[in-house]
Amino acid sequence: MVHLASVPSDAAARRGSVAEGMEKIQFNDPAEDEAVASVYGSRFAAQDLPQHEMPEREMPKEIAYRMIRDDLSLDGNPMLNLASFVTTYMEDEVEKLMAEALPKNFIDYEEYPQTAEIQNRCVSMIARMFNAPTQSEHVSAMGTSTVGSSEAIMLGVLSMKRRWQNKRKAEGKDSSRPNIIMNAAVQVCWEKAARYFEVEERYSYCTEDRYVIDPEEAVNLVDENTIGICAIVGTTYTGEYEDVKAINDLLVKKNIDCPIHVDAASGGFVAPFIVPDLPWDFRLEKVVSINVSGHKYGLVYPGVGWIVWRSPEFLPKELVFNINYLGADQASFTLNFSKGASQVIGQYYQMIRLGKRGYRSIMMNLTRTADYLAANLKQLGFLIMSKGGGQGLPLVAFRLDREKGYHYDEFAIAHQLRERGWVVPAYTMAPHSENLKMMRVVVREDFSRARCDTLVQDIKLALQTLNAMDQKTVEVHQE
């Protein structure tokens, strides 16, 4: 509905939002010199905003700003959107820096060399945070910024596929049937990557009491056509960390040459600070690439992700393009070309502003808040599906106890909370366990203890409201 828009017919565009019969009523437009007297006294306030055809004439800037701002006021409040992992708060100073960088096209390294240098600094910091090998002066980790983890994952899949193809061709073997192994609870970008790049998807399915990949099952799915295994540090559904070490150790034990790509989109900026001794990154020999979202727990507004490869060996040279038409020779490995520089600069600000101690403090607070929320929800009778105590992302996944015979479900609770402005998603679990309904609250930096208390009170009110309704009323209310 949102990402792919259909273009309306001319007749539909003419109808617009005018109620039947209104098009016959004629009003005199304000005179031209009255059009800018005040926003709501202008002729523009009495017209529909252009929707399908660019207007012939201009509009005063103050009126354009106000009309669009009023239109956007119908959106929800980002701070109350507890469905999203994406950052909704940054300090005024970094917002100013990012605004000043809006005209910069990041890809133009020759024109903006210091911005490119800032990206390189970020890559180096993130690679070290993921324990990339840095001992050798001749071979080093490589990485790049992306517009998010979706692009980073596609680059990771593409490099694994091409490396596998090169190996198969060198051995004189068929290279037309690549496959990749992953948990069925992966984020949709993994399915996109597999289908766009024609790689067969092989799944380790969840069960009603296991929501992460089964290491033994995953390794057993490996064959000569497997380009790699995806392991997730912070699943979308329950925030759990998959056992990357178990997968790595099984591959080593069975002497299987199969790389691991770690999808740390959500957990890459959490695990290093909360569970630093957990081995999931380049400390494991089979991990060849890792992606992370800067715009999630990296604490940057939407539009930045990162991918790091253990060494150039895992990034085939033919995927890297060398260009010189921007004024200097430069290498490029991206799915897009032009992009803004603001988010990269924002990431650098956060990392030097907060430092390791600052990130650790924020992630500890989020973890405490998530545990506090989980304890309150448990007291209300919910079953907690996520891991607490820092053993997963700072989120709470929960569901109703079906044995208590509720006449409403999680979707009805989400509907009630929406009336109070909260966006708390209700959804079904991954394939093969989709009979489980659940809800999830993502605890972000701006979700304070006080706001958490308000949410708990509103959940209590929602339960009281639904308990007072009969089943038919609940169903009607949701429609």
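**A pocket and a helix pair**

In the second largest pocket, the lining breaks down into 12 nonpolar residues, 9 polar ones and 1 charged one. The model here is a predicted one, and the pocket in question holds about 490 Å³ of space. Its lining runs to 22 residues, and those closest to the centre are Asn 120, Val 123, Met 142, Gly 143 and Thr 144.

As for where the lining comes from, three elements each put in at least two residues: helix H4 (113-129), strand E1 (142-146) and strand E9 (330-332). Helix H4 gives the most, at 7 residues.

Turning to helix packing, a pair of helices that pack together is described by the angle between the axes and the distance between them. For helix H10 (residues 342-379) and helix H12 (residues 449-467), the axes come within 10 Å and cross at roughly 20°. That angle makes H10 roughly parallel to H12, because angles under 35 degrees count as roughly parallel. As to hand, the H10 and H12 crossing is right-handed.

On the H10 side, the contact is made by Thr 369, Tyr 372, Leu 373, Asn 376 and Leu 377. Across from them, H12 brings in Arg 449, Cys 452, Asp 453, Leu 455, Val 456 and Ile 459. Sorted by character, the residues of this H10 and H12 contact come out as 7 nonpolar, 2 polar and 2 charged.

Methods
Residues are numbered from 1 along each chain as its sequence is written. This is a predicted model: local features need pLDDT of at least 70, side-chain atom pairs count only at pLDDT 80 or more; totals for chains, interfaces and linings use all residues. Side-chain values use heavy atoms; hydrogens and water are left out. Axes are lines fitted to C-alpha atoms, for helices over the stretch in contact, and angles run from 0 to 180 degrees between N-to-C directions. Helices (H or I, at least four residues) and strands (E, at least two) are DSSP runs, numbered from the N terminus. Angles under 35 degrees count as roughly parallel, over 145 as roughly antiparallel, 65 to 115 as roughly perpendicular and the rest as oblique. A crossing is left-handed if the near helix is turned anticlockwise from the far one by less than a right angle, and right-handed if clockwise. Contact means heavy atoms within 4.5 Å. Ala, Val, Leu, Ile, Met, Phe, Trp, Tyr, Cys and Pro count as nonpolar, Asp, Glu, Lys and Arg as charged, and the others, Gly among them, as polar. On a 1 Å grid over the protein atoms alone, a cavity is a set of points where a 1.4 Å probe fits but cannot get out, and a pocket is an open set with protein on both sides within 12 Å along at least five of seven lines; lining residues have an atom within 4 Å of a point. Grid points are joined across faces, edges and corners, and a volume is the space filled by probe spheres set on the points.
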